[in-house]
Amino acid sequence: MHSTLQFGRFNYPLTGEHARARVMGILNVTPDSFSDGGQHHSLEFAISHAEEMIRDGVDIIDVGGESSRPGADPLPLEQELQRVMPVLYALRDQGPAISVDTYKPQVMREAIIAGVDMINDINGFRAPGAIEAVRDSDCALCIMHMQKDPQQMQLAPQYGDVVAEVIAFLRERIETLTAAGIDPRRICVDPGFGFGKTLEHNYVLLRSTARIITELQMPLLAGLSRKSMVGGITGKPVEQRMAGSLGGALAAVAQGAAIVRVHDVAETVDALKVWQAGINR
Ligand code: 7PJ
């Protein structure tokens with residue numbers, strides 16, 4: 001494992017006494033249904049949500065314009081840029097690191113010009129031109145595993161050995177990125193909870209967090225906040241999954257996850273502080 005993760009303007013220690021899990025807050029920028037449908041309200045709403053996360057102690061804000069919920073339709077490039085770019089420019093000097101959740105190379109290029117610190121790609125930089133778009137920058141790169149695409153992924157996910165297959169996929173992507181000249185200290189990996197996985201696949205992967213980190217020797221990002229895997233255990237609908245999500249985040253961090261991607265920033269920050277204070281290092 002490298003001793004640090006290069007994260008644009010930031011550099012996160014991964015080993016030693018200053019290492020700690022980072023909290024990534026989810027900022028969805030989608031048109032609001034309660035106004036004229038223009039860009040203005042969604043921008044103001046996104047900024048005030050970001051300000052709340054900053055007060056709550058967020059480390060990284062992950063800005064996403066396209067829903068990648070199971071069955072969701074892709075968003076045209078121009079619309080994604082219109083949603084996301086004003087938010088990136090508004091947030092880039094507010095303190096936290098900024099990430100953009102996109103698989104489109106043109107959005108990656110514009111976001112890097114705007115100064116983002118991470119490109120978070122649910123597609124693992126497989127789109128033609130994605131690697132070239134991010135190569136000559138110092139932003140972090142999150143490589144996520146997804147089986148099929150958001151339209152198809154939850155129809156009938158199948159694996160022989162889910163952990164081995166996710167690791168093999170991530171290893172191939174790491175090798176392709178580093179062969180293109182990308183510094184491995186910029187890379188983190190993500191098993192992609194809910195992206196082409198059954199409940200059982202998701203929990204086999206969560207229980208294998210430490211193994212994935214050890215085999216790949218890369219920092220790991222875990223995103224399970226409010227997902228169906230939390231509902232599958234608790235029986236709770238999406239608006240009642242906060243405590244379950246905290247439990248899942250702690251399970252990942254206890255196995256060495258470097259970053260947790262969450263909706264509930266204040267609660268996650270507190271849970272991690274108390275957990276950190278209460279364990280033997
Ligand atoms: C993830 C993501 C995730 C990373 C989404 C949702 C669906 N990016 N983007 N990992 N999930 N890296 O938040 O429910 O798990 S969108």
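## Cavities

The largest cavity has a volume of about 80 Å³. This structure is a predicted model, and it holds 2 cavities of 30 Å³ or more. Of the 16 residues that line the largest cavity, those nearest its centre are Ser225, Ser245, Leu246, Ala249 and Val262. Two elements, α9 and β10 (259-262), give two or more residues to this lining. The biggest contribution to the lining of the largest cavity is that of α9, with 6 residues. Sorted by class, the lining of the largest cavity has 8 nonpolar, 6 polar and 2 charged residues.

The second largest cavity has a volume of about 60 Å³. Its lining is made up of Glu66, Ser68, Glu80, Asp101, Thr102, Tyr103 and Ile122. In the lining of the second largest cavity, 2 residues are nonpolar, 2 are polar and 3 are charged.

## The largest pocket

The volume of the largest pocket is about 1,200 Å³. This pocket is lined by 46 residues, and Ile26, Asn28, Arg69, Ser225 and His263 lie nearest its centre. Ser225 is also among the residues nearest the centre of the largest cavity.

Elements that each supply at least two residues of the lining of the largest pocket include β3 (22-28), α1 (39-55) and α10 (265-278). The largest share comes from α1, which provides 6 residues. By class, the lining of the largest pocket divides into 18 nonpolar, 15 polar and 13 charged residues.

## The ligand and its surroundings

Where does the ligand sit? The ligand sits in the largest pocket. The residues around the ligand are Ser68, Asp101, Asn120, Ile122, Cys142, Met144, Asp190, Phe195, Leu221, Gly223, Lys227 and Arg261. This shell contains 5 nonpolar, 3 polar and 4 charged residues. Three members of the shell, Ser68, Asp101 and Ile122, also appear in the lining of the second largest cavity.

Some side chains in the shell place polar atoms at short distances from ligand atoms. For Asp101, a polar side-chain atom lies 3.0 Å from a nitrogen atom of the ligand. For Lys227, an N or O atom in the side chain is 2.6 Å from an oxygen atom of the ligand. For Arg261, an N or O atom in the side chain is 2.8 Å from an oxygen atom of the ligand. Taken alone, the ligand exposes 390 Å², and the protein buries 87% of that.

## The second largest pocket

How much space lies in the second largest pocket? The second largest pocket holds about 460 Å³ of space. It is lined by 26 residues, and the closest to its centre are Leu14, Ala19, Arg20, Gly256 and Ala257. By class, the lining of the second largest pocket has 18 nonpolar, 4 polar and 4 charged residues.

Elements that each supply at least two residues of the lining of the second largest pocket include β2 (10-13), α9 (242-254) and α10. Two of these elements also turn up elsewhere. The helix α10 supplies at least two residues of the lining of the largest pocket, and α9 gives 6 residues to the lining of the largest cavity.

Key. Residues numbered from 1 in each chain as written. Predicted model: local features only at pLDDT ≥ 70, side-chain atom pairs only at ≥ 80, totals over all residues. Heavy atoms only, no water. Near = heavy atom within 4 Å. Polar contact = N/O pair within 3.5 Å; in protein donor to acceptor, adjacent residues only side chain to side chain. Areas by Shrake-Rupley, 256 points an atom, 1.4 Å probe, with all protein chains shown as cover. 1 Å grid on protein atoms, 1.4 Å probe; cavity = no way out; pocket = protein on both sides within 12 Å on 5 of 7 lines; lining within 4 Å. Sits in = over half its atoms within 2 Å of the grid points. Nonpolar A, V, L, I, M, F, W, Y, C, P; charged D, E, K, R; others polar. Points joined across faces, edges and corners; volume = space filled by probe spheres on them. Helix = DSSP H or I, 4+ residues; strand = E, 2+ residues; numbered from the N terminus.
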